[in-house]
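I sat down with this model to look up a few ring pairs and helix crossings, and these are my entries.

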Amino acid sequence: MAPVTSLASTVDQRIADALSAALPEAGSADPLLRRSDRADFQANGILALAKKLKGNPRELATQVVAALTAGGAADVIKDIEVSGPGFLNITVADRAIVETLAARAADDRLGVPFAERPGTTVIDYAQPNVAKEMHVGHLRSAVIGAAMVEILEFTGEKVIRRHHIGDWGTQFGMLIQYLIEHPHELDHGDGTVDGQTAMSNLSRLYKASRALFDSDEEFKARSRDRVVDLQAGEQETLALWQRFVDESKIYFYSVFNKLDMEIHDPDVVGESGYNDMLDDTCRILEETGVAVRSEGALCVFFDDVKGPDGNPVPLIVQKSNGGYGYAATDLSAIRDRVGNLSASTLLYVVDARQSLHFKMVFETARRAGWLNDEVQAVQLAFGTVLGKDGKPFKTRAGETVRLEDLLDEAVERATAVVREKDTRDQLSEAEISERGVQVGIGAVKYADLSTSASRDYKFDLDQMVSLTGETSVYLQYAYARIQSILRRAGDTRALAHPELELAPAERALGLYADQFGETLAEVASAYEPHRLAGYLYQLASHFSSFYDQCKVLDENNSQAVVENRLFFCEITARTLKQGLSLLGIRAPESL
């Protein structure tokens with residue numbers, strides 16, 4: 001089915017046509033249509049047009065209204081009046097609202113169009129480190145990145161996921177050497193292992209090897225030699241390194257599974273995946289003059305990046321000892337993603353504290369020609385997760401909060417809320433447990449996604465699982481309430497009736513539901529998932545007003561009114577479910 005034109009776009013086009021008809025000398029003038037609290041829409045473009053034509057804005061506005069009336073706009077516009085110095089206040093016809101929603105309901109995509117010129121976006125997100133526990137700091141990249149994957153794919157963009165895990169570095173010399181000398185540390189008696197056991201083994205081994213490294217000079221020397229073997233590709237060393245990576249993946253995948261996120265092995269391309277490109281990257285940068293040698297290191301300098309002493313701070317691509325830093329790996333990844341994956345956009349969902357690094361990396365890639373007018377790189381920078389006290393989120397002992405512990409507590413709190421809400425004992429214990437997971441994980445995700453990514457936010461589980469306020473629980477209960485209404489309706493159909501006059505709350509709900517496609521387009525283009533979260537909350541709020549003011553299954557209603565209100569319920573539920581799905585949040589059928 002063809003995409004559905006929103007009422008805002010339809011009204012905008014009708015006003016533009018009337019402007020051209022009444023004032024041909026104006027050319028293709030923009031009506032400057034916006035939402036209004038005095039009517040459904042307000043067009044402000046005539047003021048600027050009157051100034052350009054040296055005319056009276058109210059007189060010009062009156063001419064436009066006459067042209068609009070003569071053009072037969074009654075199918076879309078119920079009323080239009082000139083207000084103030086020359087504004088047009090526009091009220092949409094009830095029939096147009098219902099017919100537009102009916103067209104959306106007839107489409108699996110709710111009439112949301114695909115992007116006009118989709119490209120290929122590589123999204124770099126969810127980047128944990130091998131042999132280390134995931135903590136609260138890993139939450140935002142995973143949640144925000146996963147949402148942007150779903151949103152961009154829904155708009156028709158080809159999306160390639162990349163999880164740039166930390167799987168290379170000098171610490172592996174210490175870990176591998178310890179494993180060689182204690183070969184059974186990662187053994188599993190029955191041949192199977194879950195994520196918790198995998199991390200427990202890795203943590204124990206890491207702590208033991210670190211203690212030995214710090215206390216035994218001979219072990220420290222052997223560990224450093226092992227780093228050389230690793231970088232040289234020595235077979236036994238590489239095989240043991242791979243064991244650490246594989247063991248860590250078991251753990252990673254178990255945590256992502258708790259987050260209700262799918263991570264596919266081919267999408268996991270860590271730092272080591274670009275090792276073969278590092279020499280070439282440095283050679284190209286040096287030969288083209290993008291990078292220069294400074295005190296033996298290969299550096300890129302920038303006029304606008306200086307240290308506290310006023311001297312330029314370079315991006316170090318290769319150290320003076322020949323080693324490579326993060327910059328060489330990140331630049332090689334750009335080469336790979338542009339050259340081999342044919343990316344038109346590179347989206348990096350990384351901490352705002354890395355903004356300077358990526359600013360320099362992106363500028364270096366532009367100078368080298370890897371980024372240009374056809375290929376852009378964007379950092380979707382995110383802020384810090386704070387505790388209730390407004391300080392970085394820590395345990396009472398001052399340690400970083402383990403991500404698994406945080407998710408488990410969210411599910412525990414949410415399960416208690418679901419059980420308390422089930423006053424009629426309609427849910428089985430298994431259903432309560434399932435809903436608890438859906439509500440708890442949804443609460444964590446929504447709290448993150450409802451905040452502008454660049455801002456810090458407070459992690460407050462009490463608020464997150466609350467039934468009131470802007471929470472995912474409020475949205476999930478709105479959806480479940482609608483499903484309950486539809487079930488109680490029995491054989492009565494949800495059917496649009498354009499001939500009916502709408503109540504104010506019906507109009508408000510219908511007009512807002514119609515904004516879903518426009519909202520998604522804005523969210524996708526600006527990489528701002530918080531705007532979708534905010535839209536869904538407002539949609540649920542509009543439904544709450546509709547539910548309070550417009551009795552759906554009332555015996556005093558005519559059959560047509562019941563069917564039409566059930567239709568409004570159904571289109572709202574579908575929009576809520578689709579929107580929540582794009583944010584990675586489940587919508588239980590009952591709560």
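I looked up burial for two neighbouring entries on my list, and in this predicted model Tyr 251 and Phe 252 are both buried. Counting aromatic pairs over the structure, I arrived at 14. For Tyr 251 and Phe 252 I noted ring centres 6.0 Å apart and planes at 55°, so I entered the pair as tilted. I also looked for rings joined through pairs into a cluster, and recorded one made of Phe 543, Phe 546, Tyr 547, Phe 567 and Phe 568.

Next I turned to helix 18 (residues 516–526) and helix 19 (residues 529–549), whose axes come within 8 Å and cross at roughly 160°. Since angles over 145 degrees count as roughly antiparallel, I put helix 18 down as roughly antiparallel to helix 19. The crossing of these two helices is right-handed. On the side of helix 18 I listed Phe 516, Thr 519, Leu 520, Glu 522, Val 523 and Ala 526 as making the contact, and on the side of helix 19 Pro 529, Arg 531, Leu 532 and Tyr 535. Sorted by class, the contact between helix 18 and helix 19 holds seven nonpolar residues, one polar and two charged.

My last entry concerns helix 17 (residues 504–513) and helix 20 (residues 559–582), whose axes come within 11 Å and cross at roughly 35°, in a left-handed crossing. Here the contact is made by Glu 506, Leu 509 and Gly 510 from helix 17, together with Asn 564, Arg 565, Phe 568 and Thr 572 from helix 20. By class I wrote down two nonpolar, three polar and two charged residues for the contact of helix 17 with helix 20. I marked Phe 568 in my notes, as this residue belongs to the ring cluster and also takes part in the contact with helix 17.

Methods: Residues are numbered from 1 along each chain as its sequence is written. This is a predicted model: local features need pLDDT of at least 70, side-chain atom pairs count only at pLDDT 80 or more; totals for chains, interfaces and linings use all residues. Side-chain values use heavy atoms; hydrogens and water are left out. Axes are lines fitted to C-alpha atoms, for helices over the stretch in contact, and angles run from 0 to 180 degrees between N-to-C directions. Helices (H or I, at least four residues) and strands (E, at least two) are DSSP runs, numbered from the N terminus. Angles under 35 degrees count as roughly parallel, over 145 as roughly antiparallel, 65 to 115 as roughly perpendicular and the rest as oblique. A crossing is left-handed if the near helix is turned anticlockwise from the far one by less than a right angle, and right-handed if clockwise. Contact means heavy atoms within 4.5 Å. Ala, Val, Leu, Ile, Met, Phe, Trp, Tyr, Cys and Pro count as nonpolar, Asp, Glu, Lys and Arg as charged, and the others, Gly among them, as polar. Rings of Phe, Tyr and Trp (its six-membered ring) pair if their centres lie within 6.5 Å; planes under 30 degrees apart count as stacked, over 60 as edge-to-face and the rest as tilted. Buried means under 20% relative accessible area, exposed over 50%, partly exposed in between (1.4 Å probe, protein chains only).
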